[in-house]
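This report takes up one model: its internal space, one of its helices and its overall build. Have the sequence and the structure at hand while reading.

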Amino acid sequence: MYDLSSVLENEAVSEVRPGTSILISGPAMTGKESLAMEILADGSRNGDGALVVSTSDSAETIVEDYRDRVAGVSNLQLGVVDCRAEGSGGGLADGDTPPGLYVHKVSSPGDLTGIGIGITKCLEALHGAGAEQGRMALVSLSTMLTYTNRETVFKFCHVLSSRLDAAGYIGVFTIDSGAHDDQTIQVIKQAFDGLVEVRDGESGREARVMGLTDGPTDWQSL
């Protein structure tokens, strides 16, 4: 089981089964991406593998930021799928890829087949390096939805959930709830086991969990 309660202080996420996929939904500037990355970083601090799928930032930026976030962690095992690369394939920039780092580049956030291949290769590399459990973050589905339709993104998320289940990893995916109509959000939500909603409340950023317990939890400060 994965315990996410050290990041998201909520009993509903204290025992998350391997293979679980969670959608983090909220308006812009409410900390969705930071929450997703901190869930990964918390795992890295405990020896889990980490896989970041980015539709906006380059692999180089992701690696630099993530290393800063988990500073002091030895034997870091990190996979990155860079969906905004000019070329496609493995490797990091023009240099040698450091030990523990696995990068796959895809030419467009709309190339879901290429992204899926990159995720599979990174998961295989992480497993091969001994990271038999870990966490994946995909940031963000909203960018994918500007390149392709919601039904295609739904199918991609559904297939990806099966891959994470087979690998024993968990996945967190972000979406900007203000960027899409209600029907699109409802369709995408169906591909996930649970939902974390975030918002700016009266006392700051708040979150609640749905789908992982019998009913929605109360809003709690992040």
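## The cavity

By the rule used here, the count comes to one cavity of 30 Å³ or more. The model is a predicted one. Rolling a probe the size of a water molecule over the atoms shows where empty space is left. About 40 Å³ of space lies in the largest cavity.

Which residues line the largest cavity? They are Leu 8, Glu 9, Asn 10, Ala 207, Arg 208, Val 209, Gln 220 and Ser 221. By character, the lining divides into three nonpolar, three polar and two charged residues. Two strands each supply at least two residues of this lining: S9 (204–210) and S10 (220–221). The largest share, three residues, comes from S9.

## Helix H1

Helix H1 covers residues 32–45. Does its length fit or depart from the expected rise? At 1.5 Å a residue, its 14 residues should span 20 Å. The C-alpha atoms at its ends are 20 Å apart, which agrees.

H1 is largely enclosed by the rest of the structure, because 10 of its 14 residues are buried. Buried here means under 20% relative accessible area. The buried set starts with Lys 32, Leu 35, Ala 36, Met 37 and Ile 39. Leu 40, Ala 41, Asp 42, Gly 43 and Ser 44 complete the list. An α-helix has 3.6 residues a turn, so residues three or four places apart point the same way.

What covers the buried residues of H1? The cover includes the elements in this table.

| Element | Residues |
|---|---|
| Strand S1 | 21–26 |
| Strand S2 | 49–54 |
| Helix H2 | 59–69 |
| Strand S6 | 134–139 |
| Strand S7 | 170–176 |
| Strand S8 | 194–201 |

After H1 comes Gly 47. The phi of Gly 47 is positive, near 90 degrees.

## The whole protein

The protein has six helices and 10 strands. Its C-alpha atoms fill a box of roughly 45 × 40 × 30 Å, taken along the principal axes.

How does the radius of gyration compare with that of a compact globule? With 222 residues, such a globule would have a radius of gyration near 17 Å. The protein has 16 Å, which agrees.

Of the 222 residues, 51% count as buried. Contacts in the protein with a separation of 6 or more give a further view: residues 24 or more positions apart account for 67% of them.

Technical notes:
Residues are numbered from 1 along each chain as its sequence is written. This is a predicted model: local features need pLDDT of at least 70, side-chain atom pairs count only at pLDDT 80 or more; totals for chains, interfaces and linings use all residues. Side-chain values use heavy atoms; hydrogens and water are left out. On a 1 Å grid over the protein atoms alone, a cavity is a set of points where a 1.4 Å probe fits but cannot get out, and a pocket is an open set with protein on both sides within 12 Å along at least five of seven lines; lining residues have an atom within 4 Å of a point. Grid points are joined across faces, edges and corners, and a volume is the space filled by probe spheres set on the points. Helices (H or I, at least four residues) and strands (E, at least two) are DSSP runs, numbered from the N terminus. Ala, Val, Leu, Ile, Met, Phe, Trp, Tyr, Cys and Pro count as nonpolar, Asp, Glu, Lys and Arg as charged, and the others, Gly among them, as polar. The expected span of a helix is 1.5 Å times one less than its number of residues. Buried means under 20% relative accessible area, exposed over 50%, partly exposed in between (1.4 Å probe, protein chains only). Contact means heavy atoms within 4.5 Å. The radius of gyration is taken over C-alpha atoms; the globule rule is 2.2 Å times the number of residues to the power 0.38.
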